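Here's a quick briefing to read alongside the model. Have the sequence open and follow along.

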Amino acid sequence: MRIILYTGKGGVGKTSVAAATACKIAETGKKVLIISTDVAHSLSDSFNVKLGNVAIEIEKNLYGMEIDTVDENEKIWGGVKDYIKQLITIKSGETIESEELLVFPGFEELVSLIKIKEINDEGKYDVLVVDCAPTGETMSLLKFPDLFKWWMDKIFPMKRKGAKIAKPIVETTIKVPMPTEDVFDEIESLYKKIDDLYSIMQDKSKVSLRIVTTPEKIVVKEAKRNFSYLHLFNYNVDSIIINKTFPKESTEGYFEKWLDIQESSICDIQDSFKPIPIFKVELLDKELRGYATLLKVGSAIYKDLDPEKILFNEKIFEIKKEDELYTLSIKMPFVDKRELKLLQNGDEISIAIKNEKRNITVPKKLQGREVTGARYEEGKLNIIFS
């Protein structure tokens, strides 16, 4: 199953562009499912159809779903949630506040991830189009498999072993219940699902992301940051969609200056992101709602191109050898090198860009070698190993 994720700053029109793409693909005869991972769902509004936690047919070959995080909660997190509830209520009793504490930060992202894997495993659809939450929440979603995998590999085995040894002592002396084997089994099962999902999401022949932006300087800067973070986590961005561009005939009088502003931003996008395909969506003279309108816009965006295809694929990580030195090169354009931090711990390197960080286990040929330097030049972070 082909998976296409649409991301971007809030308010740029991700939902409309994702929906238009889904309509365009469905029209070719492919069976398409479009889902929303944004807690503030708006897919229903785009299609003028009430969507819920079960996929329904919107038009021929096109199905839609809005993930209900509360409903999915018990399916994937029930045992662990019950254990934490025990800890919270052991002395104070069950209250509304204790229930609220069980809504874990990042839980919505976790549910969305698991749902993507389940849909992939079912194999009912040819294409899955994902309308993602705004940039910050989307980065939480996309980096979660990597972070969770690291935690499970490094910390979980120790926690499980320690809990087994300490269980009789702790429960006897301080009367606090320790996690049961069932709880650890549930976490391990969740880890297996997320590990499988990680493999799916890193498959560049199957998964790509598309950044939606508008031709405004602040939004374009956000798109560039988003692009850098996605490259850090080794995701393939195969196109940029510039939404809400003004048609020339609409810019007489009051809006005339806006055309110059937009043209400047469009030139910046084209210069910055080439050779990645860039598409433009003109602002309509009516609301972008309903299947017929969305299909028309989808056809206008992609014209004769098939939006289901991988539109661009580039190598993000590369290893080069020169004399006795190896260089791990990571393509990360638009980064302020003053915001870059690099640390090495054994065979792991930690790379941080401002508030986004990733721990990477270096490839086998670099293991046992020390980082002797790093340079950021021409949009690439070059890490040198001796």
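**Helices, a surface patch and a sheet**

W258 sits in helix α10, which covers residues 256–273. Keep in mind that this is a predicted model. The points below start at that tryptophan, then move on to helix α11 and the strands.

**Around W258**
- W258 joins Y254, F255 and I261 in making a nonpolar surface patch of about 450 Å².
- Why does W258 count as partly exposed? Its relative accessibility is 34%, and the partly exposed class lies between the 20% and 50% cut-offs.

**Helix α11**
- Helix α11 takes in residues 291–302, 12 residues in total. From first C-alpha to last it reaches 17 Å, close to the 16 Å expected at 1.5 Å a residue.
- Quite a list of α11 residues is buried: Y291, T293, L294, L295, V297, G298, I301 and Y302.
- Right after α11 comes K303, with a positive phi near 50 degrees.

**The sheet**
- Eight strands make an open sheet with mixed pairing, in the order β3-β4-β2-β5-β1-β6-β7-β8.
- β3 and β8 (278–282) are the edge strands, each pairing on one side only.
- On average, neighbouring strands of this sheet are turned by 25 degrees against each other, direction ignored.

**Pairings of β4**
- β3 (residues 56–59) and β4 (residues 62–66) run antiparallel and pair over three bridges; E59 has L62 in β4 as its bridge partner.
- Two residues lie between the strands of this β3 and β4 hairpin, and N61 takes a positive phi near 75 degrees there.
- β2 (residues 32–36) pairs with β4 in the parallel sense, over five bridges, and S36 stands opposite E66 in β4.

Notes:
Residues are numbered from 1 along each chain as its sequence is written. This is a predicted model: local features need pLDDT of at least 70, side-chain atom pairs count only at pLDDT 80 or more; totals for chains, interfaces and linings use all residues. Side-chain values use heavy atoms; hydrogens and water are left out. Patches are made of residues with over 30% relative accessible area and no salt bridge: like charges are joined within 9 Å, nonpolar side chains (Val, Leu, Ile, Met, Phe, Trp, Tyr) within 5 Å. Accessible areas come from the Shrake-Rupley method with a 1.4 Å probe; for residues, only the protein chains shown count as cover. A salt bridge is a side-chain nitrogen of Lys or Arg within 4 Å of a carboxyl oxygen of Asp or Glu. Helices (H or I, at least four residues) and strands (E, at least two) are DSSP runs, numbered from the N terminus. Buried means under 20% relative accessible area, exposed over 50%, partly exposed in between (1.4 Å probe, protein chains only). The expected span of a helix is 1.5 Å times one less than its number of residues. Two strands pair if DSSP finds at least two bridges between them. Axes are lines fitted to C-alpha atoms, for helices over the stretch in contact, and angles run from 0 to 180 degrees between N-to-C directions.
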